[in-house]
Amino acid sequence: MSIDINLTRAQFDEVMVPNYAPSAIIPVRGDGSRVWDQTGKEFIDFAGGIAVNCLGHCHPALVGALTTQGEKLWHLSNVMTNEPALELATKLVNATFADRVYFANSGAEANEAALKLARRFALETVGAEKDQIIAFDKAFHGRTFFTVSVGGQAAYSDGFGPKPESISHVPFNDIAAFEAIISDKTCAVMMEPLQGEGGIIDADPEFLIAVRALCDKHNALLIFDEVQTGVGRTGELYAYMSTDVVPDILTTAKALGGGFPIAAMLTTATIAAHLKIGTHGSTYGGNPLACAVGNAVLDVVNTPEVLAGVKQREQLFRDGLNKINEKYDVFSEVRGKGLLIGGVMNEKFAGRSRDFLVASAQEGLMCLIAGANVVRFTPSLVIPHADIEEGLVRFERAVAKVFAA
Ligand SMILES: *Cc1c(COP(=O)(O)O)cnc(C)c1O
């Protein structure tokens, strides 16, 4: 084939696999929580690259870390360790329940490592019969075949032939259903402490306590997928920190690199010991460039000021969205935690979250959806208050448009 290079949205359909349907605009520059497209049109960013750009676009601390490391050393592979990886792993251990860290490049890979580790742990400490993985309806854990099969959306996992076996799903927040299915054959339970893609659904505190207790009773590992909730998103460094439970394994990605691909699986020394030399790996995992950026992200985010700022900003969002809702009555509820916020469509607007996203883009606002019934906001954790206000003004215009249509 011979195709001229043509940097337009139309070119996407000519040269890309059709698994995505990107919007009509092509952004070319970002600064903080503002983004500009090819035509110079400005957007306020309430999407944050799907909860990734936790410090907005081109934050000076991240640009500094990337360029400094970029002039020193980019990549070695895991044949050797490197200083940024040792530093980041130490920071993660010091900040959490964990004693050991495994680095990966994406949320799915961190979850893949967690699931493989859980299976090995059960196999080596009990036996082959302890292989059941329990997960929850609507859960999202990534798109590798193992993680998408553990995820709770058949639409994502069907159509690829035989799936990995011994995976069970139960409704989220349903203690009785969970208790009915867990047994001594359960090797691990994987869950998001607050379901993101599934619709911004928080785990009930009693549910979390029950899951932890039943995991303990049946000697099953509890894996928290904090790929979306982690790194300050909910106003804690990790969401588990505001609950009464501690997981055995935790995965983190998205915001960990603030836009640079990096992920990590955290666990205890006892469990980690079962991922022995040669049992798992990644060429790029823990690469110096990614870890240098991760270090800069943690240094900025894991401070009382930034974490408290998330809760202040949450309030601004809630107040603003509730005010818009009083006028137009489109949401049945505004829910979520920190800067992982969902506006749930009421009956009148059921199934129409995408209409709000499209109208928002026309008004110069980037937001997200979480299924057909939830408009999702996951902005920078340090988004200026003025940008929140202006973004909400634009969102109100979008709501008015959908309302009038
Ligand atoms: C985004 C997400 C993933 C997948 O992360 P990738 O980096 O896309 O592989 C996994 N789990 C949760 C909870 C997520 O939000």
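The lining of the second largest pocket is a mixed bag: 12 of its residues are nonpolar, 11 are polar and two are charged. In that tally, Ala, Val, Leu, Ile, Met, Phe, Trp, Tyr, Cys and Pro count as nonpolar, Asp, Glu, Lys and Arg as charged, and the others, Gly among them, as polar. Bear in mind that this is a predicted model, where local features need pLDDT of at least 70 and side-chain atom pairs count only at pLDDT 80 or more, while totals for chains, interfaces and linings use all residues. Residues are numbered from 1 along each chain as its sequence is written, and side-chain values use heavy atoms, with hydrogens and water left out.

Back to that pocket. It holds about 640 Å³ of space. Among the 25 residues that line the second largest pocket, Asn78, Val101, Tyr102, Phe103 and His280 are the closest to its centre. Three elements, α4 (83-95), β4 (100-104) and β12 (263-267), each supply at least two lining residues, and β4 gives the most, with four. Helices (H or I, at least four residues) and strands (E, at least two) are DSSP runs, numbered from the N terminus.

How do you find such spaces? Rolling a probe the size of a water molecule over the atoms shows where empty space is left. Here the work is done on a 1 Å grid over the protein atoms alone: a cavity is a set of points where a 1.4 Å probe fits but cannot get out, a pocket is an open set with protein on both sides within 12 Å along at least five of seven lines, and lining residues have an atom within 4 Å of a point. Grid points are joined across faces, edges and corners, and a volume is the space filled by probe spheres set on the points.

What about closed spaces? Searching the whole structure turns up two cavities of 30 Å³ or more. The largest cavity has a volume of about 40 Å³, and its lining includes His75, Asn78, Tyr284 and Pro288. You have met Asn78 already, as one of the residues closest to the centre of the second largest pocket. The lining of the largest cavity has four nonpolar residues, eight polar and no charged. The second largest cavity offers about 30 Å³. Phe121, Lys130, Cys187 and Leu221 are among the residues that line it, and helix α5 (residues 107-125) gives the most to this lining, with three residues. Its lining residues split into five nonpolar, two polar and one charged.

Now step back to the whole chain, which has 14 helices and 17 strands. Its C-alpha atoms fill a box of roughly 60 × 55 × 55 Å, taken along the principal axes. A compact globule of 405 residues would have a radius of gyration near 22 Å, and the chain's 21 Å agrees with that. The radius is taken over C-alpha atoms, and the globule rule is 2.2 Å times the number of residues to the power 0.38.

Next, the sheets. Two strands pair if DSSP finds at least two bridges between them. One open sheet has four strands in the order β1-β2-β3-β15, with mixed pairing. Its edge strands, β1 (27-31) and β15 (365-366), each pair on one side only. Strands β2 (residues 34-37) and β3 (residues 42-45) pair in the antiparallel sense over three bridges, with Arg34 opposite Ile44 and Val35 opposite Phe43. In their hairpin, which has four residues between the strands, Gly40 takes a positive phi near 90°. β3 and β15, in turn, pair in the parallel sense over two bridges, and Asp45 stands opposite Met366. Helix α14 (residues 385-404) lies across β2, β3 and β15, running at about 110° to β3; axes are lines fitted to C-alpha atoms, for helices over the stretch in contact, and angles run from 0 to 180 degrees between N-to-C directions. Contact means heavy atoms within 4.5 Å.

Another open sheet of four strands follows the order β13-β14-β17-β16, with antiparallel pairing. β13 (331-337) and β16 (368-369) are its edge strands, each pairing on one side only. β16 meets β17 (residues 374-377) over two bridges, where Leu368 stands opposite Arg376.
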